[in-house]
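Here are some notes from my pass through this model, in numbered points. Have the viewer open as you read.

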Amino acid sequence: MKFGDNLISRIIQITFVVALLLAWAVATKSGAVHTLLLPDPERVWAAMQRLAISGRLWNEAQVTMMEVGYAYLLAVLPGLAVGFLVSRSPRAVRFFEPIFSGIFTVPLTLFLPLFIFFFGIGPTAKIAFGGVYAFFPVVITAIAAFVGVERLHIAAGRSMGATSWQMFRHIYLPSAMPGILTGLRIAAIVCIASVLGAETVSALKGLGRSIAYASELMDSVQMFAWLLYVVIMAVSVNLALTAAEARAHRRY
């Protein structure tokens, strides 16, 4: 049944993408939409090939991926640590969890100029901004995941004389892993979006800067080519983390 459900989901997803591409082609070929607003998909595909062959794609993507990678580590490591420490005390959970959740609801993009002011227009500002933004989904989900660990398992581990490290390694972490992976998946998407958004505002290099530059030149073909590469990257990351999350749910 699960295999059949997965197959049906994949067919629906593929059909949706194909229908979207067909609608794009029909809209441009029929002249219903001006090519300045929606360029011909064939021209966009040709531009994507040129970017890949020329090496520009890799040069710009390398900068963005480096920023996203460092920002992700900056969010994940402190987020998991803080989440675990907060979850050890019900009083701390009641105090900090609403604060983290409240801050996460605030559009932190409003504070991007502060990051640029303190760190400049280089990669450091994007890494710091992405790390801070993605920290909150990690810590919020980590608190919920660690709090939800079965108390019977904790009592059993303590009764058998497990050390603190053994409790964390064999009880807390495996039990909380599905929830943690959900937070890591959300944080990855937040991290990509925040870094790319920061690059479009102020950057010297990167995929976001390339999109913004093409937009400034009114080069919609080039802009759509960069946008499609970003979509492919984001979808690939999301699919990989979703698969890892599904495996964790089956295992734990």
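1. Start at M218, which is exposed, with a relative accessible area of 55%; exposed means over 50%, buried under 20% and partly exposed in between (1.4 Å probe, protein chains only). M218 sits in the loop between α9 (207–216) and α10 (220–251). Its phi is near 60 degrees, a positive value in a residue other than glycine.

2. Some housekeeping: this is a predicted model, with local features needing pLDDT of at least 70 and side-chain atom pairs counting only at pLDDT 80 or more, while totals for chains, interfaces and linings use all residues. Residues are numbered from 1 along each chain as its sequence is written, and side-chain values use heavy atoms, leaving out hydrogens and water.

3. The protein chain has 10 helices and 0 strands; these are DSSP runs numbered from the N terminus (helices H or I, at least four residues; strands E, at least two). The C-alpha atoms fill a box of roughly 70 × 55 × 30 Å along the principal axes. Of its 252 residues, 39% count as buried.

4. Take contact as heavy atoms within 4.5 Å. Among contacts between residues at least 6 apart in sequence, 74% join residues at least 24 apart.

5. Now the inside. The largest nonpolar core (buried Ala, Val, Leu, Ile, Met, Phe, Trp, Tyr and Cys residues joined through side-chain atoms within 4.5 Å) has 63 residues, and F100, F129, F146, Y172 and L207 touch the most other members. Helix α8 (residues 164–201) gives the most to this core, with 15 residues.

6. What does L207 touch, leaving aside its neighbours within four places in sequence? Its contacts include T64, L196, E199 and W226.

7. T64, in helix α3 (residues 56–87), is buried, with a relative accessible area of 0%. The side chains of T64 and E199 are joined by a polar contact of 3.1 Å. A polar contact is a pair of N or O atoms within 3.5 Å; within protein, one must be able to donate a hydrogen and the other to accept it, and residues adjacent in sequence count only if both atoms are side-chain atoms.

8. Back outside, F117 in helix α5 (residues 112–119) is exposed, with a relative accessible area of 65%. F117 also helps make a nonpolar surface patch of about 770 Å², together with V106, L110, F111, L114, F118 and F119. Such patches take residues with over 30% relative accessible area and no salt bridge, joining like charges within 9 Å and nonpolar side chains (Val, Leu, Ile, Met, Phe, Trp, Tyr) within 5 Å. A salt bridge here is a side-chain nitrogen of Lys or Arg within 4 Å of a carboxyl oxygen of Asp or Glu. Areas come from the Shrake-Rupley method with a 1.4 Å probe, and for residues only the protein chains shown count as cover.
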